[in-house]
Amino acid sequence: PDLSPVELELWKLDHKINYRGVNIDMSALMDLRELLAQARVKYNAELFQLTDGAVDKATKNAELKKWLESRDVFLPNMQKSTLEERAALPFNAPDIARVLWVRLSLGSSSVAKLEAIFNRLSKGGRLRDLFAFCGADRTGRFAGRGPQPQNLPNSGPTKDWDIEAVEKFLDVARSRDLTKAEELHDDVIAAISGSLRALFCAGPGKEFICSDYSAIEAVVIAELAGEEWRVEVFNVHGKIYEMSA
């Protein structure tokens with residue numbers, strides 16, 4: 001059906017937002033891409049050495065699973081949650097623990113957003129067409145496109161990861177020296193992932209304002225529906241998936 005007057009105005013706003021785009025810190029983007037490239041080379045080489053040549057890339061799940069089984073580590077799958085659960089066990093042999101760490105670190109899906117940002121950049125260093133009007137067709141919420149700006153990581157390698165920690169890491173990243181970055185944070189890839197939000201910045205003479213609503217779709221629907229037990233979950237611990245299951 002035709003859009004209602006209110007939805008039509010929202011649709012126009014969506015186009016305005018997508019045409020205008022958002023400014024990206026190009027220098028920081030290139031610094032992080034270089035660090036990530038170095039980390040992949042180093043950690044894949046370490047993985048090759050740890051597995052005696054059986055696995056040369058962390059992305060090769062079949063080979064990695066086979067090597068783990070040769071070390072009497074039998075996993076039902078190679079999903080992140082399964083690997084994290086095994087890596088958390090205290091009795092892992094040192095080489096097994098390190099292999100699992102490398103796989104989890106290099107397997108981070110969030111750092112893929114670096115390439116998604118780079119590949120989508122338009123002239124002038126802006127990202128455009130990041131949102132789809134009514135992308136979630138059942139609720140009408142906007143959906144993210146490209147680097148998925150609605151789903152950027154907000155955590156890093158330390159519990160106290162905040163703006164100051166990000167700025168400190170980006171200062172070190174300017175050197176494009178992986179060794180220096182590792183001296184600051186053992187898990188450089190987690191630090192890169194945690195710095196993605198900082199790439200979105202104000203253009204010259206502009207101010208950048210960010211509002212971050214957690215689980216807004218689930219929260220609003222629960223409130224509208226009067227589903228009190230769900231509202232209470234968000235008021236307490238927020239683990240709505242676990243409670244729903």
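This short talk goes through a small sheet, a pocket, and a few ring contacts in one structure. Before I start, please keep in mind that what you have in front of you is a predicted model.

Let me begin with the strands. There is an open sheet of three strands, and if you read across it the order is S1-S3-S2, with the pairing antiparallel. The edge strands, each of which pairs on one side only, are S1, at residues 22-23, and S2, at residues 121-122. Looking at how S1 meets its neighbour, strand S3, residues 126-127, pairs with S1 in the antiparallel sense over two bridges, and within that pairing Val22 has Leu127 of S3 as its bridge partner.

Now to the second largest pocket, which holds about 410 Å³ of space. Its lining is made up of 20 residues, and those that lie nearest the centre are Lys80, Glu84, Leu104, Ser105 and Ser108. Which helices supply at least two residues each of this lining? They are helix H4, spanning 80-87, helix H5, spanning 94-106, and helix H9, spanning 188-194, and of the contributions to the lining the largest share, four residues, comes from H5. As for the chemistry of the wall, the lining residues divide into seven nonpolar, nine polar and four charged.

Helix H5 comes up again when we turn to the aromatic rings, of which the structure holds two pairs. In one of them, Tyr43 and Trp101 meet edge-to-face, with 5.5 Å from centre to centre and 80° between the planes. Because Tyr43 lies in helix H2, residues 26-50, while Trp101 belongs to helix H5, this pair ties together parts that are 58 residues apart in sequence. Are these two rings buried or partly exposed? Tyr43 counts as buried, since its relative accessibility is 1%, whereas Trp101 is partly exposed, with a relative accessible area of 24%.

The other aromatic pair is formed by Phe133 and Phe142, and it too is edge-to-face, at 6.1 Å centre to centre and with 75° between the planes. Here Phe142 has a relative accessible area of 23%, so that residue is described as partly exposed.

Finally, I would like to point out one contact between a charge and a ring, which you can find by looking at Arg33: its charged end sits over the ring of Phe118, 3.8 Å from the centre of that ring.

Note on methods
Residues numbered from 1 in each chain as written. Predicted model: local features only at pLDDT ≥ 70, side-chain atom pairs only at ≥ 80, totals over all residues. Heavy atoms only, no water. Pairing = 2+ DSSP bridges. 1 Å grid on protein atoms, 1.4 Å probe; cavity = no way out; pocket = protein on both sides within 12 Å on 5 of 7 lines; lining within 4 Å. Points joined across faces, edges and corners; volume = space filled by probe spheres on them. Nonpolar A, V, L, I, M, F, W, Y, C, P; charged D, E, K, R; others polar. Phe/Tyr/Trp six-rings, centres within 6.5 Å; stacked < 30°, edge-to-face > 60°. Buried < 20%, exposed > 50% of the residue type's maximum accessible area, 1.4 Å probe, protein only. Lys NZ or Arg CZ within 6 Å of the ring centre and 35° of its normal.
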